[in-house]
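Please have the sequence and the model open side by side while reading. The paragraphs below go from single residues to pairs of packed helices.

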Amino acid sequence: MNILDNSKELIKIINDASSVFLMAHKDLDLDAINSCIGFDFYLKSLKKKSYIIIDDKTREIGVKKVLEQYGKNIKEIRSKDILNVKDENSILVVLDTNKIKLLQNPEVLNLFDKIINIDHHDKTKDSLKATLSIIDTKASSTCEMIATYLKEKEIKINSKLATLLLAGIILDTNYYRQKADATTFYMSYYLTMCGGDVNDVNELLKQDIKDYIKRQKMISSVKVINHIAIGKGSQRTTYKKEEIAKTADSLLTFNKIKASLVVAKVDKELISISGRSTGEINIGKVLEQFGGGGNEYEGAAKIEESNINKVIDELYKIVRNL
C-alpha cells in the first residue's frame, strides 16, 4: 500500500493531534533513525510538536554520527519520560517495523489511543494494531516512503535531510543490490538533486575494522544448502545486531546464492538470526518459524537460547525442506 494512497487520512490524524511521538525498532539503523528524522521534518513544516523515542543503550556507528550531526534539530526522549509531556490528544507514529516485540519499548503502545504505522516489511500475526497502517512491501526502505511523501507534499528538503534519507535507501538496498526498482532509483536521483551527498552517505556507512574482521570469521563458517548460505558466529562471542545483518548482506553477493542466514549471539542468553534474499526465497517466512519475520527480501528473528549449534541444527532442517 503506497504511502500516497493514505495521504488524506494521514494528514487528518496528524492535524487533530496535539503532539506526535515517533518510534522505530530496537537497535536503530540508518533507515529507522533517518525515516524518523524525515517524518519529524514533515511535522515541523506543519508546526507540530514532535519527539523521537530512543531507548537504545548502545548505538550503531552510523546512528551515532547522525545523532551527533543532526541531534540538535530533533527532540529525543526516552520512553520513561513520555508521560511528562504527552496529553490525551498525542499520537504515536511507528516507523520501519510493525512487530510489537521489535519496538524500542512495546509498552509505549499502551500510552496512545491513536497509532500510525509506516513500514515496508510484511505484516504477521505479531504485528501491532494501528489506527492507520501504511505497509508498502514494494518500497525499498522506510526512507524511500518518507522521501516520496515529502516530494508529493512539495516539502522542500535541505541537503542534510536529503543525505540522511539517501543513506537509509542505500543501507536497506545494500548499495542497490537488492529490492531496488524504478521508484528507488528515481527517489535517489531526486534526493541527490536536493543536495544529498553520496560521499557523506559513505562516511555514515563506514565500518569499524575490528567488526569487519569478526564478520569475516562468520563468513568463513558458511555452509550452503539449497542455494542458501548459512553462517554462524562463535559460541564464545557476542555480536552487534548490525554486524550480523551486514554479514548476511555480504553473503548475498556471491554467485549462485539466492538467500543468506546468519546466526550469532547478541547476549549470553539471546541469539539473533538475520536473513537476506534475492526475492526468489521468502526469507521472512523462514524466520517466522523462529518467532521473527520480514518479507521476501529480508528478515530477522531473536531466540532466547544460549546454544548456537542448537539453533543452527534447527535452521538446517528447515532449509533442507524448502
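A polar contact here is a pair of N or O atoms within 3.5 Å, where within protein one atom must be able to donate a hydrogen and the other to accept it, and where residues adjacent in sequence count only if both atoms are side-chain atoms. The model is predicted, so that local features need pLDDT of at least 70 and side-chain atom pairs count only at pLDDT 80 or more, while totals for chains, interfaces and linings use all residues. Residues are numbered from 1 along each chain as its sequence is written, and side-chain values use heavy atoms, with hydrogens and water left out.

With that definition in hand, serine 79 can be taken up: its side chain makes a polar contact with the side chain of aspartate 55, at 2.5 Å. Serine 79 is placed in the loop between strand S3 (76-77) and strand S4 (91-95), where helices (H or I, at least four residues) and strands (E, at least two) are DSSP runs, numbered from the N terminus. Serine 79 has a relative accessible area of 13% and is therefore buried, a word that stands for under 20% relative accessible area, with exposed meaning over 50% and partly exposed in between (1.4 Å probe, protein chains only). When neighbours within four places in sequence are left aside, serine 79 is in contact (heavy atoms within 4.5 Å) with Ile53, Asp55, Asn105 and Val108.

A second serine, serine 35, belongs to helix H2 (residues 30-45), and it counts as buried because its relative accessibility is 0%. A polar atom of the serine 35 side chain lies 2.7 Å from the backbone oxygen of aspartate 31. Not counting residues up to four places away in sequence, serine 35 touches Leu30, Leu95, Asp96, Thr142, Cys143 and Ile146.

Two of these partners, Thr142 and Cys143, are also listed among the buried residues of H4. Helix H4 (residues 142-152) is mostly covered, with nine of its eleven residues buried. At its N-terminal end, H4 is capped by serine 141, a side-chain oxygen of which lies 3.1 Å from the backbone nitrogen of glutamate 144. After H4 comes glutamate 154, whose phi is positive, near 55 degrees.

Positive phi values also appear in the loop between helix H5 (159-172) and helix H6 (182-193), where tyrosine 176 lies. Tyrosine 176 has a phi of about 65 degrees although it is not a glycine, and it counts as partly exposed because its relative accessibility is 25%. Lysine 179 is placed in the loop between H5 and H6 and has a positive phi of about 50 degrees, again without being a glycine; at 10% relative accessibility, lysine 179 counts as buried.

Two packed helices are described by the angle between their axes and the distance between the axes. Axes are lines fitted to C-alpha atoms, for helices over the stretch in contact, and angles run from 0 to 180 degrees between N-to-C directions. H2 and helix H3 (residues 61-70) pack with their axes 9 Å apart, at an angle of about 25 degrees. H2 and H3 are therefore roughly parallel to each other, given that angles under 35 degrees count as roughly parallel, over 145 as roughly antiparallel, 65 to 115 as roughly perpendicular and the rest as oblique. On the H2 side, Leu30, Ile33, Asn34, Ile37 and Phe41 meet Gly62, Val63, Val66, Leu67 and Tyr70 of H3.

How do the axes of helix H8 (residues 209-219) and helix H9 (residues 241-251) cross, and at roughly what angle? The axes come within 10 Å of each other and cross at roughly 55 degrees, which means that H8 is oblique to H9. The contact is made by Asp211, Arg215, Met218 and Ile219 of H8 together with Glu243, Ile244, Lys246, Thr247, Ser250 and Leu251 of H9.

H9 is mostly covered, since nine of its eleven residues are buried, and these buried residues pack against H8, strand S8 (228-232), strand S9 (259-267) and strand S10 (270-277). Strand S9 holds serine 260, which counts as buried because its relative accessibility is 0%. A polar atom of the serine 260 side chain lies 2.7 Å from the backbone oxygen of alanine 248, and alanine 248 is one of the buried residues of H9. The C-alpha atoms of serine 260 and serine 274 are separated by 8.1 Å, the two residues being 14 residues apart along the chain.
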